Amino acid sequence: MSRRPYVRKVKRSWWLGQRRYVLYMVRELTSLFVGLYCAVLVVGLFRLVQGRAAWDGFLAALSSPAGVLFQLVCLAFAAYHSVTWFALTPKAMPLALRGEPVPARAIVGMHYAAWALVSLIVLVAAGT
Amino acid sequence: MNEDVTLEILRYRPEIDSEPHFQSYTVPYREDWVVLDALNHIKDHLDATLSYRWSCHMAICGSCGMMINGEPKLACHAFLRDYRHAVVRIEPLDHFPIERDLVTVMDSFMEKLASVKPYLITTENKPLGDGENLQTPLQLMAFKQYTLCINCLLCYAACPQCGLNESFVGPAALALAHRYNLDSRDAGNEQRADVVASNEGIWECTFVGACSEVCPKHVDPAAAIQQTKISASLDWFKAQLLPGAQR
């Protein structure tokens, strides 16, 4: 008898059925908002080059309700991306100290510490 | 009280079926039964035509991987009591063609596995008389976890990239490549890189992480692949930037 293997096609909705795939797709979606925010920063640079009036207009647009809402949404997605990425770092960057593996929590903790430090430097630099 | 469990099993018999369809079986509930026991009960008492793979019944042969209520699991490692009072839906492993009933075609995996050269590659032929290749416990610890793979292919069924991109080398094969690359006795990193560090290798992985979640032996293929991404990137930079390096 000849063989007749049956191939099942992956449905377009493959990620909707299970929590782990939905969370993964949300993580992938965050890149869209991070990219949009980067595009806004680039626009800001162009406005800065065009002179005082253009720059003030850009700042006013960012301070408008729609601008603030956009930044809050981007912040939420960027935070989700960062938190999920930090949670994965012990897998990608396992460390060993004197022959003993460094606990995953310590590796994640170091990332949060670095995040806090960089944020502090940016805040201090922005304040001066 | 006699309690029963209903199993819905995806059947496909190529000589009579044009496509797979579910068939229901009712088996007695036993506190200490795993899904494989229920399948064996069906095979022995209800329907001898049901086909599935199994061998050891102790989660080491890697033969009885199947989708149980949508989750890739070893049938010998999934207790019926965890599905009590619910219909248990059993399908062949996702992302593999169905040969018959719960039996899949694994040829593509065997080719991918061979392509990463999962064996020690040494630079010199050491005579047997020179003794063993000794390793310290620390050197063993570096890769031991990745030796525990039983090729059950649950990770391929869990990985969406394996379903969407047929050519993706996949979690188990890449984890084994990493295992040999980390071995202090091995010198095959460059020979494996053609496959491992290619688009179809580590770079097809988007770190879904499902492979590691379903692995019954806690091999953690997702970790192996991310670590390989870092080491392959460093190798690439070294080759591009260091003076006198081969390009």
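The following exercises, each with a worked solution, concern a predicted model of a complex of chain A and chain B.

**Exercise 1. Confidence of the model**

Task: State which scores the predictor gives the complex, and what pLDDT chain B averages.

Solution.
Step 1. For the complex, the predictor reports an ipTM of 0.88 together with a pTM of 0.91.
Step 2. The average pLDDT of chain B is 94, and 98% of its residues score at least 70.
Step 3. A caution applies to any such reading: where pLDDT is low, predicted coordinates should not be read in detail.

**Exercise 2. The sheet of chain B**

Task: Determine the strand order of the open sheet in chain B, and identify which strands stand at its edges.

Solution.
Step 1. The sheet is open and holds five strands of chain B in the order S2-S1-S5-S3-S4, with mixed pairing.
Step 2. Strand S2 (21-28) and strand S4 (71-74) of chain B each have a single partner strand, so one side of each lacks a neighbour in the sheet; these two are the edge strands.
Step 3. From one strand to the next, the twist averages 35°.
Step 4. Helix H1 (residues 35-46) of chain B packs on this sheet and touches S1, S2, strand S3 (65-68) and S5 of chain B. The direction of this helix makes about 95° with that of S2(B).

**Exercise 3. Register of the strand pairs**

Task: For the pairs S1(B) with S2(B), S1(B) with S5(B) and S3(B) with S4(B), decide whether the sense is parallel or antiparallel, and locate bridge partners.

Solution.
Step 1. The underlying principle is that strands of a sheet pair through backbone hydrogen bonds, either parallel or antiparallel.
Step 2. S1(B) and S2(B) are antiparallel, with eight bridges. Within S2(B), Ser24(B) is the bridge partner of Glu8(B).
Step 3. Strand S1 (residues 4-11) and strand S5 (residues 88-91) of chain B are parallel, with three bridges. In S5(B), Leu7(B) is partnered by Val88(B), and Glu8(B) by Arg89(B). Glu8(B) therefore has a bridge partner in S2(B) as well as one in S5(B), a placement that follows from the position of S1 between S2 and S5 in the strand order.
Step 4. S3(B) and S4(B) run antiparallel and are joined by four bridges. The partner of Met66(B) in S4(B) is Lys73(B).
Step 5. The hairpin of S3(B) and S4(B) has two residues between the strands, and Asn69(B) in this hairpin adopts a positive phi near 50°.

**Exercise 4. The two domains of chain B**

Task: Describe how domain 1 of chain B meets domain 2 of chain B, and name the element that gives the most to the domain 1 side.

Solution.
Step 1. The domain assignment divides chain B into domain 1 (4-104) and domain 2 (107-241).
Step 2. The C-alpha centres of these domains lie 30 Å apart.
Step 3. The contact joins 14 residues of domain 1 to 12 residues of domain 2.
Step 4. On the domain 1 side, S3 and S4 of chain B each supply at least two residues; S4(B) gives the most, with four residues.
Step 5. Sorted by class, that side has seven nonpolar, four polar and three charged residues.

**Exercise 5. Helix packing in chain A**

Task: Classify the orientation of H2(A) relative to H1(A) and to H3(A), and list the residues in contact.

Solution.
Step 1. Helix H1 (residues 19-49) and helix H2 (residues 52-63) of chain A pack at about 150°, their axes being 6 Å apart. An angle over 145 degrees counts as roughly antiparallel, so H1(A) is roughly antiparallel to H2(A).
Step 2. Gly44(A), Arg47(A) and Leu48(A) of H1(A) meet Ala54(A), Trp55(A), Gly57(A) and Phe58(A) of H2(A). This contact comprises four nonpolar, two polar and one charged residues.
Step 3. H2(A) and H3(A) pack at about 70°, with axes 4 Å apart. The range 65 to 115 degrees counts as roughly perpendicular, so H2(A) is roughly perpendicular to H3(A).
Step 4. Here Ala61(A), Leu62(A) and Ser63(A) of H2(A) contact Gly67(A), Val68(A) and Gln71(A) of H3(A). The classes are three nonpolar, three polar and no charged residues.

**Exercise 6. The contact between the chains**

Task: Establish how many residues each chain gives to the contact.

Solution.
Step 1. Chain A contributes 18 residues and chain B 25 residues.
Step 2. On the chain A side, H1 and helix H3 (65-92) each supply at least two residues.
Step 3. The chain A side has 11 nonpolar, three polar and four charged residues.

Definitions and conventions: Residues are numbered from 1 along each chain as its sequence is written. Chains are lettered from A and ligands numbered from 1 in the order in which they are written. This is a predicted model: local features need pLDDT of at least 70, side-chain atom pairs count only at pLDDT 80 or more; totals for chains, interfaces and linings use all residues. Axes are lines fitted to C-alpha atoms, for helices over the stretch in contact, and angles run from 0 to 180 degrees between N-to-C directions. Two residues are in contact if their C-beta atoms, placed from the backbone, lie within 7 Å. Domain bounds come from an automatic or database domain assignment. Ala, Val, Leu, Ile, Met, Phe, Trp, Tyr, Cys and Pro count as nonpolar, Asp, Glu, Lys and Arg as charged, and the others, Gly among them, as polar. Angles under 35 degrees count as roughly parallel, over 145 as roughly antiparallel, 65 to 115 as roughly perpendicular and the rest as oblique. pLDDT is the predictor's confidence in each residue, from 0 to 100.
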